[in-house]
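Open the model in your viewer and keep the selection panel at hand. The tour has two stops, both at helix contacts.

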Amino acid sequence: MTLKEEFEQHCEKVKSLTQATNEDLLIIYGLFKQATVGNVDTSRPGMFDPKGRAKWDSWKSFEGKSADDAMTEYITKAKQMLEANGLA
């Protein structure tokens, strides 16, 4: 299985999570965006969009990371989250 295939498989598995902390979800979001889009390509949302700002900040925190590295970290984090939910 290639890295991309494993990444896509874990993306689907993460959707089945029913319990996850906001912190974990933001990390997963940031890694997903870095793996699929690359560095942040939008301006930071305004103060009236705290959810959007948190997601943007998470994505920005992974800036400079290669797509392969972001996919690998995503898979590792997804496995931890799935295991914590008894789904691994």
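Which residues in α1 meet which residues in α2? Select Phe7, Cys11 and Val14 in α1, then Ile28, Phe32, Ala35 and Thr36 in α2; these meet, with contact meaning heavy atoms within 4.5 Å. This is a predicted model: local features need pLDDT of at least 70, side-chain atom pairs count only at pLDDT 80 or more, and totals for chains, interfaces and linings use all residues. Residues are numbered from 1 along each chain as its sequence is written, and side-chain values use heavy atoms, leaving out hydrogens and water.

**Stop one: α1 and α2**

By class, this contact has six nonpolar residues, one polar and no charged. Ala, Val, Leu, Ile, Met, Phe, Trp, Tyr, Cys and Pro count as nonpolar, Asp, Glu, Lys and Arg as charged, and the others, Gly among them, as polar.

Now show helix α1 (residues 3-14) with α2 as cartoons. Their axes come within 13 Å and cross at roughly 150 degrees. The two helices are therefore roughly antiparallel (angles over 145 degrees). The crossing of α1 and α2 is left-handed.

**Stop two: α2 and α3**

Keep helix α2 (residues 22-36) and add helix α3 (residues 50-60). The axes of α2 and α3 come within 8 Å and cross at roughly 60 degrees. That makes α2 oblique to α3, oblique being any angle outside the ranges under 35, 65 to 115 and over 145 degrees. The crossing of α2 and α3 is right-handed.

Next, select Leu26, Ile27, Tyr29, Gly30, Lys33 and Gln34 in α2. They meet Ala54, Lys55, Ser58 and Trp59 in α3. This contact has five nonpolar, three polar and two charged residues.

Terms used
Axes fitted to C-alpha atoms, helices over the stretch in contact; angles between N-to-C directions. Helix = DSSP H or I, 4+ residues; strand = E, 2+ residues; numbered from the N terminus. Left-handed = near helix turned anticlockwise from the far one by under 90°.
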